[in-house]
Amino acid sequence: MDKNLLRYIWRHTRSQQIWILAIVLVSMIPYFAAFDLPKQIINGPIQGQGFESPDARALFMAFDFSIPLTGWNMSFDGIELDRMSMLMALSAVFLLLVIVNGLFKFYINTYKGRLGERLLRRIRYELVDRVLRFPPSAMKQVNGAEVSTMVKDEVEPFGGFTGDAFVQPALLGGQASAALFFIFLQNVWLGLIAAVMVAIQVGIIPKMRRRLIDLGRQRQITARHLAGKVGEIVEGIDTIHAYDTTNFERADIAHRLGQIYRIRFELYQWKFIVKFFNNFLSQLTPFLFYSIGGYFALRGSLDVGQLVAVINAYKDLPGPLKELIDWDQARQDVQVKYEQVLEQFELPHLIEADRHALSAATPAFGLGPLVAANITVTDGAGAKVIEGVSVKIERGETVAVIDNTGSGGEALAEAFGRLVWPLAGKVTLGDADLLELPESVTGRAITYVSVSSYFFHGSVKDNLLYGLKHAPTSTVSYSGREAATRRWEIQEAQLAGNASFDLNADWIDRRSTSIMRGFSDDLKQSVLRALDAVQLTSDVMELALHSHVDPEENPVIAERAVKMRHALREALQREGLGHIVAHFDPTAYNPEATVAENLLFAATRKGAAHETDVADTPYVHEVLQRAGLSDLLFDMGLTIAENLVEIFADLPPEHPFFQQLERLSAEDIAGYQQFLQKRKTRAGQTVTEEERRGIVRLSLHYIEPRYRFGVLTAQIMDQVVAARDLFYENLPADLRDRIERYDPHRYMAAATLRENVLFGKLSHRVPDAAANIRRIAGRIMDEMGMRDSLMGLGLEFDVGSGGRRLTVTQRHKLSLARALVRRSDYYIFNRALPGLDRRIQEEIVRNVIDFLREQDNNPSVIWVLSNTSLSRLFHRVIVFDRGTVVEDDTFEALDKESGIFKSLVA
Amino acid sequence: MISLNDEVKLLRQIPYFGRIDAFKLKLLAFTSSRACYEGGQIVFHQGDASDAAYVVLRGTAEIVAMAPGGETSLGEATAGTMFGELCLVSDAPRLSTVRALTALELLRIPRDSFLRLVADNPRMSAEVSRALAEAIRDKAASLARQLARVPQRLS
């Protein structure tokens with residue numbers, strides 16, 4: 001990229017800039033014509049100049065124009081018109097000029113706008129393209145939030161400047177010189193005075209603005225760092241909370257904001273000082289004209305008419321001059337911004353652009369061995385992590401890499417994964433240097449997984465298939481309006497130097513899935529088997545069961561869920577397990593659910609955070625009143641309160657037993673205690689509505705088998721069931737959207753899939769109810785062929801930013817599964833499974849090796865192990881110690897020797 | 001239906017809890033949960049991780065030790081008795097299997113709740129230690145008696 005923004009703009013928009021300048025010049029003709037016309041209308045037809053006699057006629061549009069020196073001459077004799085017709089004709093011309101001027105303005109502005117937007121698009125694209133090509137060592141220093149604010153905000157003014165970059169100075173410069181020239185014509189001396197003043201203005205003001213530019217630079221950098229800091233806070237929020245450093249972060253932010261404030265305020269001050277000075281200078285010139293010119297006029301050495309003409313001519317000078325100075329200011333401003341941005345993106349050793357060339361061709365799988373030849377790798381501080389290491393990995397090998405001291409194994413894996421570039425020596429694949437091969441070869445032949453592998457915002461499926469999206473594998477054929485849109489997209493992308501790949505095309509490379517038997521379900525099988533191998537299948541299933549299915553989007557799943565509901569109920573009866581679930585029955589009280597749930601008898605949608613629980617809304621109390629339940633539940637609540645107070649009153653507020661009460665805190669208990677005491681000492685005192693509701697609330701959330709206070713009588717249960725219809729009779733509109741009544745034969749969109757299938761409450765009294773349900777429901781799911789659609793549903797789960805909606809373990813497993821979905825010659829796992837149970841780790845490592853060995857492309861597996869005992873699952877073991885390979889042999893051979901390996905594994 | 005207060009009454013009859021305040025027992029009962037089994041179902045297996053003690057509210061359970069040669073009955077637990085209480089002082093795996101003989105209703109006292117309660121009440125701690133020691137002595141004695149019978153059976 002050019003060092004100078006103007007040059008950059010010129011290089012990319014040269015022809016457009018010339019075109020728009022020409023248009024602007026042409027537009028000047030009607031513009032100035034429109035200036036002169038009013039005078040003609042007023043003087044001519046209105047005031048009657050040239051129409052002294054009633055039937056006088058004048059010539060319309062007559063002109064005689066000759067170009068000096070050439071003797072070339074054009075003229076028009078004009079049309080003879082009377083006064084009224086002349087007025088109408090001139091007015092019509094005026095209207096025409098107004099329209100023409102407006103159209104010119106419209107065209108020029110949109111043209112400039114488009115020019116600017118295209119350039120902005122080009123710069124942004126170029127910057128992101130550069131980020132994609134940053135060498136790995138530079139990437140370690142990059143703050144994501146800072147880069148995004150540079151790409152998004154800091155380059156924004158370039159767009160606005162582009163349109164004016166050349167047109168403005170040309171135009172304004174022309175206007176200013178014309179005005180100055182005109183003053184010279186009138187009087188050379190006064191012209192000289194004006195010229196000197198202009199020179200002072202043009203010379204001094206930009207100098208004064210140097211400080212402004214310097215401040216602008218500071219503002220840009222501090223604002224960028226602020227963006228970076230905010231990004232860090234969001235990323236590191238867990239650590240901040242864990243170490244109670246929120247106030248340290250507050251102090252940091254406040255300090256930065258203070259700095260920004262200081263810079264911005266100083267900027268204001270300077271801006272207005274410069275403005276003041278500029279205005280002063282431009283008003284000083286007329287002062288000189290009046291005083292000096294006036295003096296000479298009085299003395300008689302200057303013609304008064306000349307002086308007036310000069311002062312009139314001067315009127316047209318400050319405007320363009322000021323704008324010219326402003327333009328220069330804008331130019332310097334964007335130039336500084338441009339330099340600041342460029343500095344961050346002009347790095348040495350960018351990855352060559354051709355390494356990233358799009359290649360839709362199926363890679364030539366079956367490349368030769370992966371060899372590290374005498375490589376030295378340094379860490380971020382420049383210390384050598386491995387030195388002079390040579391390792392050759394043949395196809396089909398399974399290699400365990402173990403570190404004794406140091407982290408040589410990890411560094412080797414990173415070098416194989418192109419995450420670090422060796423300082424000396426090279427890594428070759430086949431016979432070619434890994435760093436000189438295009439990524440379309442290395443990025444497909446080698447699959448690298450480490451803990452830091454990233455997840456993109458999207459569904460589980462999007463992330464699993466991410467490793468297959470190298471190039472569009474299909475071309476979409478558009479028609480009609482869409483085709484025009486697509487043509488426009490391509491054209492615009494090319495005009496702005498962007499890539500024009502079609503995002504709507506199918507990017508999933510179905511020819512490089514790990515399972516490839518030539519069937520249409522290879523991709524699906526690869527995904528399912530990969531999930532199985534890393535033991536993520538049940539997690540995905542859980543995600544599906546936890547999700548809310550919109551029955552309109554997924555009518556089949558919704559319908560089957562209801563079928564499954566009935567099948568599950570029957571199966572439980574058959575197995576004599578009917579008692580482990582209390583099903584929702586429209587005519588019966590569900591003893592395992594709360595009183596409120598029994599009254600509502602509905603799935604409730606979780607409202608926004610500020611909305612109260614449906615059971616706590618005033619409408620519920622209203623219904624209770626009407627159903628005659630209010631007093632019953634109040635009395636019941638009193639007994640519950642007495643029991644709770646008796647049990648909990650003596651416990652300190654922070655006691656963990658309070659966790660047993662889902663909805664009550666120590667303060668609530670204290671409140672109930674006070675209330676009960678008040679009632680005891682002053683019997684018969686009226687109970688406030690609030691207190692009453694507090695007590696009734698206890699009853700509403702009561703579950704007999706859970707609390708076992710023995711307060712729920714048959715009468716209450718019957719009345720609650722009877723009140724269900726009453727509840728729905730006058731349901732307020734705001735609740736109607738949040739409630740979906742239970743219907744054994746319908747799918748409830750407000751409930752999760754699991755709740756829909758279960759359609760009841762698990763018994764509080766059967767300890768293994770959940771396990772039994774899972775077993776039986778799993779069987780029914782298979783019988784009904786629902787497993788696939790549920791997996792599909794689970795795969796649609798949105799993993800959140802960076803995969804944060806998944807647990808850490810799930811993320812590590814998913815990262816592994818993503819690698820297993822794609823076909824590669826070399827799989828490099830760099831401590832890919834930390835923090836897992838040893839047994840599970842072993843199972844997964846074994847599964848992964850088995851899965852990959854099953855494939856027909858004879859891949860190699862290189863696994864840097866934290867758990868050294870797993871090395872027995874591999875054929876070959878490489879042991880690193882202080883950055884060098886100390887042992888490298890088959891597992892059996894090393895197992896017999898008594899070297900470092902033996903001591904590590906023992 | 002057995003209510004919380006009935007549970008408390010039952011707990012009082014158990015030696016460990018005999019001298020503990022009623023409201024403390026109520027808290028213990030409240031933090032415990034009910035568990036129902038049908039005849040033949042296993043409450044826990046020998047070797048399982050132990051995380052709770054049980055009090056029989058209704059029905060009868062059989063306590064058996066699994067040995068390579070077959071299973072030996074170690075006794076029965078009926079309403080008002082407690083089993084699995086060793087877990088309250090040690091987190092070793094279960095030493096025996098417990099099977100429901102009839103429909104069985106249990107109060108399941110989680111180890112954590114129990115230890116928390118003991119920690120809050122030093123006197124209770126002493127009570128429980130004493131009762132546990134006695135229980136273990138009784139068990140040892142009964143085991144000795146059973147062992148004494150083994151040679152005769154073998155011969």
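This briefing covers the interface of chain B and chain A, followed by a nonpolar surface patch on chain A. The structure is a predicted model, and every value below is computed from it. Between chain B and chain A an area of about 2,100 Å² is buried, while on chain A four aromatic residues form a nonpolar patch on the surface.

**Extent of the interface**

- On the side of chain B, 23 residues are in contact with 23 residues of chain A.
- Carbon and sulfur atoms give 59% of the area of about 2,100 Å² that is buried between the two chains.

**Polar and charged pairs across the interface**

- The rule finds 3 salt bridges across the interface of chain B and chain A, and one of the salt bridges joins the side chains of A:Glu646 and B:Lys26 at 2.8 Å, N to O.
- Between chain B and chain A, 8 residue pairs are in polar contact, counting pairs with both residues at pLDDT 80 or more.

**Elements of chain B that touch chain A**

- Two or more residues each come from helix 1 (4–13), helix 2 (22–31), strand 1 (33–37), strand 8 (104–110) and helix 3 (111–120) of chain B.
- Helix 2 of chain B gives the most to this side, with 6 residues.

**Nonpolar patch on chain A**

- The patch consists of A:Tyr261, A:Phe265, A:Tyr268 and A:Phe272, which together have about 490 Å² of accessible area.
- A:Tyr268, one of the patch residues, lies in helix 9 (residues 246–299) of chain A.
- Because its relative accessible area is 45%, which falls between the cut-offs of 20% for buried and 50% for exposed, A:Tyr268 is classed as partly exposed.

Terms used
Residues numbered from 1 in each chain as written. Chains lettered and ligands numbered in written order. Predicted model: local features only at pLDDT ≥ 70, side-chain atom pairs only at ≥ 80, totals over all residues. Heavy atoms only, no water. Patch = residues over 30% accessible without salt bridge, like charges linked within 9 Å, V, L, I, M, F, W, Y side chains within 5 Å. Areas by Shrake-Rupley, 256 points an atom, 1.4 Å probe, with all protein chains shown as cover. Helix = DSSP H or I, 4+ residues; strand = E, 2+ residues; numbered from the N terminus. Buried < 20%, exposed > 50% of the residue type's maximum accessible area, 1.4 Å probe, protein only. Contact = heavy atoms within 4.5 Å. Buried area = accessible area lost by both parts, 1.4 Å probe. Polar contact = N/O pair within 3.5 Å; in protein donor to acceptor, adjacent residues only side chain to side chain.
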